[in-house]
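Trainee: Please take one part of this protein and go through it closely, starting with the place where open space is lined by residues.

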Amino acid sequence: ERMDMQLSVKELAKGVRKPKNYSMRNLKLLTRYLRGRPTASNVYELEGVSAFIDTNVDSDWAGEKPSMKSTSGGVLMWGRSLLKSWSTTQTTIAMSSAEAELYAMSKCAQQCMSIASLAADFEMPLKPVIYSDATAAIGIAYRSGLGGKTRHVKVQYLWIQGALQKKELALEKVGTADNPADVLTKFVASELMSKHVHSMGYKFPEHAISLEILSHSLR
């Protein structure tokens, strides 16, 4: 459940059945990181009730070798409180980065709309808002149907177009450097990792080992 290690654990889990030599090396790297930060507290500060469910989404196109599958990452926030984060491997092999981003966006929309539906049962109307740094995928989502280079995209992921047209959710552009979901799809520099993890409300009592260890793992 810890956002700072979800991507690492996902990658390590792939080698459980048939571990390779590098699997033990990567496991050791993660273990050394956890020795320095064995405890992670997710702090929920007192704040006013937000009317929005803010979700950041990102993907890493064909980042998994040799399968060439992409990774979807998402961070679901209510105000300044982290409700959920995930790092998962996409089941469909995307033919382009825009397609991978669209698949990640679709999963993200399902997550935030389900939370909004649950909140509605308690008479708490919440507006789902998705933030993505993928201009091409945002363009596809706001389009009606497919055409040109996107004809091969899986049709089951296009329901997000109808949801946007019905204004059931909103989709906005965010800069890559300000997208916390980035750390759930690829290994980034320790400074950026620290920035995003702390912005999600994580606090670490121990600081003996730098995030640099984790940012270099599984490369």
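Mentor: Start with helix α2, which supplies four residues to the lining of the largest pocket and so gives the most to it (helices are DSSP runs of H or I with at least four residues, strands are runs of E with at least two, and both are numbered from the N terminus). The model is predicted, so local features need pLDDT of at least 70 and side-chain atom pairs need 80 or more, while totals for chains, interfaces and linings use all residues. Residues are numbered from 1 along each chain as its sequence is written, and side-chain values use heavy atoms, without hydrogens or water.

Both α1 and α2, the latter spanning 21-36, put at least two residues each into the lining. The pocket has 23 lining residues in total, and the ones nearest its centre are Glu-11, Lys-14, Tyr-22, Glu-64 and Lys-65 (on a 1 Å grid, a pocket is an open set of points where a 1.4 Å probe fits, with protein on both sides within 12 Å along at least five of seven lines; lining residues have an atom within 4 Å of a point). By type, the lining divides into 10 charged, seven polar and six nonpolar residues (Asp, Glu, Lys and Arg are charged; Ala, Val, Leu, Ile, Met, Phe, Trp, Tyr, Cys and Pro are nonpolar; the others are polar).

Glu-64, one of the residues nearest the pocket centre, leads to Lys-10, because these two touch (a contact means heavy atoms within 4.5 Å). Lys-10 belongs to α1, residues 6-13. Leaving out residues up to four places away in sequence, Lys-10 also touches Thr-71, Ser-87, Thr-88 and Thr-89. Although lysine is a charged residue, Lys-10 has a relative accessibility of 11% and counts as buried (buried is under 20%, exposed over 50%, partly exposed in between, with a 1.4 Å probe and protein chains only).

Ala-62 lies in the loop that joins β2 (52-60) to β3 (71-78). Its phi is positive, about 55°, although Ala-62 is not a glycine. Ala-62 is buried, at 11% relative accessible area. Lys-167 also has a positive phi, near 60°, without being a glycine, and it is found in the loop between α5 (159-165) and β6 (170-173). Unlike Ala-62, which is buried, Lys-167 is exposed at 64%.

Later in the chain, Gly-201 occupies the loop between α6 (190-199) and β7 (202-203). Gly-201 is buried, with 11% relative accessible area, and it touches Ser-41, Asn-42 and Val-43, residues up to four places away not being counted. Gly-201 and Ala-40 are separated by 161 residues in sequence, yet their C-alpha atoms are 9.9 Å apart.

The structure holds one aromatic pair. Tyr-202 and Phe-204 form it, stacked, with ring centres 6.4 Å apart and planes at 15° (rings of Phe, Tyr and Trp, its six-membered ring, pair with centres within 6.5 Å; planes under 30 degrees apart are stacked, over 60 edge-to-face, the rest tilted). Both partners are buried, Tyr-202 at 5% and Phe-204 at 6%. The charged end of Arg-37 sits over the Phe-204 ring, 4.5 Å from its centre (NZ of Lys or CZ of Arg within 6 Å of the centre and 35 degrees of the ring normal).

As for the whole protein, it has seven helices and seven strands. Of its 219 residues, 47% count as buried. Among contacts with a separation of 6 or more, 71% join residues 24 or more positions apart.
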